[in-house]
Each structure stands twice: as structure tokens, then as C-alpha cells.
Amino acid sequence: MAAARALDYAANHEALTGLPNRVLLHEQLNLALSRVQRRGGSVAVLFLDLNRFKHINDSLGHRAGDEVLRIIAQRLRALCRDTDTVARWGGDEFVLLLEDVGGQDGAATAATKVVDALTQDIVLDESFGHIVLPCAGSVGVVMAPQDGTDLDALLSKANMAMYRAKAQPQACFQFWSNDINTRLHERLALEMDLRQALRENLFVLHYQPQFSLYGQQMVGLEALMRWQRTPDQLVMPHGFIQVAEECGLIVDMGAWAVLHAARQVALWLRAGLKPVPIAVNISARQCLNRDLVQVVRLALQETGIPPHLLRLEITETTAMSDADQVIGLLHEIRALGVRLAVDDFGTGYSSLAYLKRFPIDELKIDRSFVSDIATDKDNAAIVRATIALAHGLGLQVVAEGVETEAQSRFLADQHCDTVQGYLFGRPQPVDIVTQWL
């Protein structure tokens, strides 16, 4: 008898967390829907996913990842009532089945508690060195019978709502709605088009000049990606970068940009021109992907260009997302002879203790501070202090978004090294840039 019970338990629960598995979840959801249809009321299904869980597995190993999943399972069980079901869907995904929640308001209250529980740091035990891990998660919510009674359809809708929540900048929850379905279908179509564009080489690089304020000469170029979707339609980054980030395609697109920028420098050198360094933007996903070092190394090996003619830019927010890992990555890239810059400086939350450890050559002041430096004393003070800080650390300073003579004069008075913006030149295709050189 005990052996039969053990076999039954093993068939309906997953081994790592001891939570109900998909088989038992389906049974429980089916029973809950039957009760609701008899007695009235509603059932809330919460589909949740941990943010950046893959990074834990990649950096600390699967044993640490398993421990994180066990801790999350315990938190979720502690939140729920005896009548609720907490199941593990697979990987870092869980499903909560809540009966008698009091409609959408009650479900929202429950989802808020779940998001709060997921955002609490995780402290691993002494076998992992008592390491503290930041944690966050996204939750999708669907209500039955309001959103349907088909089991698979309900779970699919909750999953789609979760992905909608994941697209938000902070951990949150999202209720299912019909427009989510429309948006997700549009997003999927865009993702497929982007993958085809990468296969068919439909991306192009445009280049924006960077000028020295002292010599009034071009000293650099920033490579900016464009998508030639049709012969007559050139799509700007805001039309596709977010989707590329969400689906992970940004890693391959970023590798493409690094290689093609290096190839363009090689073409200019072979033509007898004297190219200036080209800066390529690196995304957060690329920084968490250790292949970036190899991407840069292979680009330099294939093209044979001097490494100082290639520069990588990461945003301040990306740099601080996992500072210790990013610092290690940047040191490896810097060892190849490639210069490094921190972009959008001032928009994140840099720790000066970390900033001095970054092996960078430049700080780029975000355009939001430059736009009104001639009229806003607060932004003027921030820019003045940033330039002094950078020079004190031995770094060059680039000001972005310079569009007026007044901005340029202010920056020159503060001894800013380099400027970039429409006053000095808009991003242009390669044939025009070649004429500049």
C-alpha cells in the first residue's frame, strides 16, 4: 500500500521541489472549473516566470539554480492557502491555481503578493558561501470562466499575459486581454521577419560622426543599425531593438554589427583612407553572453584591423546590472586592444567604487542632460561635474545630442573632449561617410 502511494506521489509531483507537476495541475484545474460552473464564482490562474534565471545557471552552476527553485517553491507555498494549488510548470516557470479569490480585485491582490515575494533577495546557504542573489519575476493572470474554460487555452493565455508583464521595465503582473493576443501575434510576426532579415543580410550600418572640440576634426564614428525592410522602407532601431532584445536575437545582431564595422574599417584601409575609430553599441544580453569576447577576437582576426580602431559602448545601466561579471568581460575585451566606453552616463545608478574598476576609456554624457545645459542650471551642474569626474579618472568625455551652438560653446568652456549630435552631423550611410574620410 505504501509503495503504491509512493508511486502515485512520484507520478504527480516533480522531484526537485516536491510541487504538483503538470499532470496533477491539469486534474486540479479541471476540478476547480467544475466547482465554479456548479457554484458560481471564479478561479484565478497565475503563470509566473523568474527573470534572468538562466544567468544564475550559467554563472553559478545548475546546483545553485536548483537551490533557487526550491527556495522559490517554499515561498509560493507559504503564500497560498491549503485550498490553492502551487505547481511547477517546468524550468523556472510555476503556476498558481487560486479558487474563491473574490474576482479580479482579489486576483490582483494575490498577484501583487506573488511579485513582492519574487523580488526579495535569495540567500543561499553556507555550501554556496552565503551568496546573496537578486531575484525578480513576472506574472500573467487569467480568470475562469470569464476568459474561457478550456484548460490548455487558459494556461496559454496566462503564459501570454506573463510575457506581456516581462516586457515591462520592472517586475509586475499583467491580466490577460484580447489585445495582448493581437500584440503578441504582431510581435511574433516581427520576430520572424527579423530572423529572416538577419539571414538575408538586410541590416545596414549608418555612421554618426564624433568631433573634437579642440581641433574641430572628426575623431570617431558611432555605428548605428538600420533595417532595410523593403527597398523603400528603412526601419530605425526603435522599431525593432526591443523585440530583438526580448527574443534573444540581439546577440546575433550585435555580433553582426561588430563584424561588419570591422570589415568596413578594413575596406577603408585597403582603399588608402585613414579611418577613425568606430564605436559599436553592445546590449545587456551580449554582456551576459561570454561569446562576446570571441566575437570581437574573430572580427579582429578576420579583418586584421588595428584593434584601437574598434570601440565598444555599453550603457551605464547594463554596466551596473551585474557589475562584477561585466568588469571581468570588459577586461578580456580590453586585453585585445579594443577601446571601451560607457554610454548614456548619468541615467543609471553608478557606484563610484565600481566605476573606477571598469577598464574604460570614455564616458558619454546622455543627451537628456545636454539638451538644455545652456538654460537649466541643474543639468549644467551635472554635466560640469561629470566632465570633471571623468578627467579626474583619466577618461575622455563625449557629449551626445549636441544640436546648438550654445550647447557646443558650454561644452568647450568645460573642456569636454568630443561632441556628437545633429550640429556636427546626422547618421549617414557608408558611401557618404567614405566621402568624409
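In what sense do β6 and β7 pair, and over how many bridges? In this structure, which is a predicted model, β6 and β7 pair in the parallel sense, and three bridges hold that pairing. One position to look at is V141, which stands opposite F175 in β7.

Let me place that pair in its sheet. The sheet is open and has five strands in the order β2-β3-β1-β6-β7, with mixed pairing. At its edges stand β2, residues 85-90, and β7, residues 173-175, and because each has a single partner strand, one side of each is left without a neighbour in the sheet. On average, and with direction ignored, neighbouring strands here are turned by 20° against each other.

Helix α5, residues 103-118, packs on this sheet and touches β1, β3, β6 and β7, and its direction makes about 160° with that of β6.

At the β2 edge, the partner is β3, residues 93-99, and the two run antiparallel with five bridges joining them; within that pairing, T85 stands opposite L97. On the other flank of β6, eight bridges join β1 to β6, again in an antiparallel run, and there L46 has V141 as its bridge partner.

Now to β6 itself, where eight of the eight residues are buried, so the strand is largely enclosed by the rest of the structure. G137, V139, V141 and M143 point one way from the strand, whereas S138, G140, V142 and A144 point the other way, and all are buried.

I would like to stay with S138 for a moment, since this residue of β6 has a polar side chain to follow. At 1% relative accessibility S138 counts as buried, because the cut-off for that class is under 20%. Its side chain is joined to that of N51 by a polar contact of 3.2 Å. Leaving aside neighbours within four places in sequence, the contacts of S138 include F47, L48 and D49, as well as M162, A165, K166 and C172.

Moving away from the sheet, helix α4 offers a check on geometry: at 1.5 Å a residue, its 18 residues, 62-79, should span 26 Å, and the end C-alpha atoms are indeed 26 Å apart, which agrees. Among the buried residues of α4 are E67 and R75, along with V68, L69, I71 and I72.

Finally, the cysteines. With a cut-off of 2.5 Å between sulfur atoms, the count of disulfides comes to zero. C247, for instance, is in no disulfide, and the nearest cysteine sulfur, that of C287, is 18 Å away. C416, at 1% relative accessibility, counts as buried.

Definitions and conventions. Residues are numbered from 1 along each chain as its sequence is written. This is a predicted model: local features need pLDDT of at least 70, side-chain atom pairs count only at pLDDT 80 or more; totals for chains, interfaces and linings use all residues. Side-chain values use heavy atoms; hydrogens and water are left out. Helices (H or I, at least four residues) and strands (E, at least two) are DSSP runs, numbered from the N terminus. The expected span of a helix is 1.5 Å times one less than its number of residues. Buried means under 20% relative accessible area, exposed over 50%, partly exposed in between (1.4 Å probe, protein chains only). Two strands pair if DSSP finds at least two bridges between them. Axes are lines fitted to C-alpha atoms, for helices over the stretch in contact, and angles run from 0 to 180 degrees between N-to-C directions. Contact means heavy atoms within 4.5 Å. A polar contact is a pair of N or O atoms within 3.5 Å; within protein, one must be able to donate a hydrogen and the other to accept it, and residues adjacent in sequence count only if both atoms are side-chain atoms.
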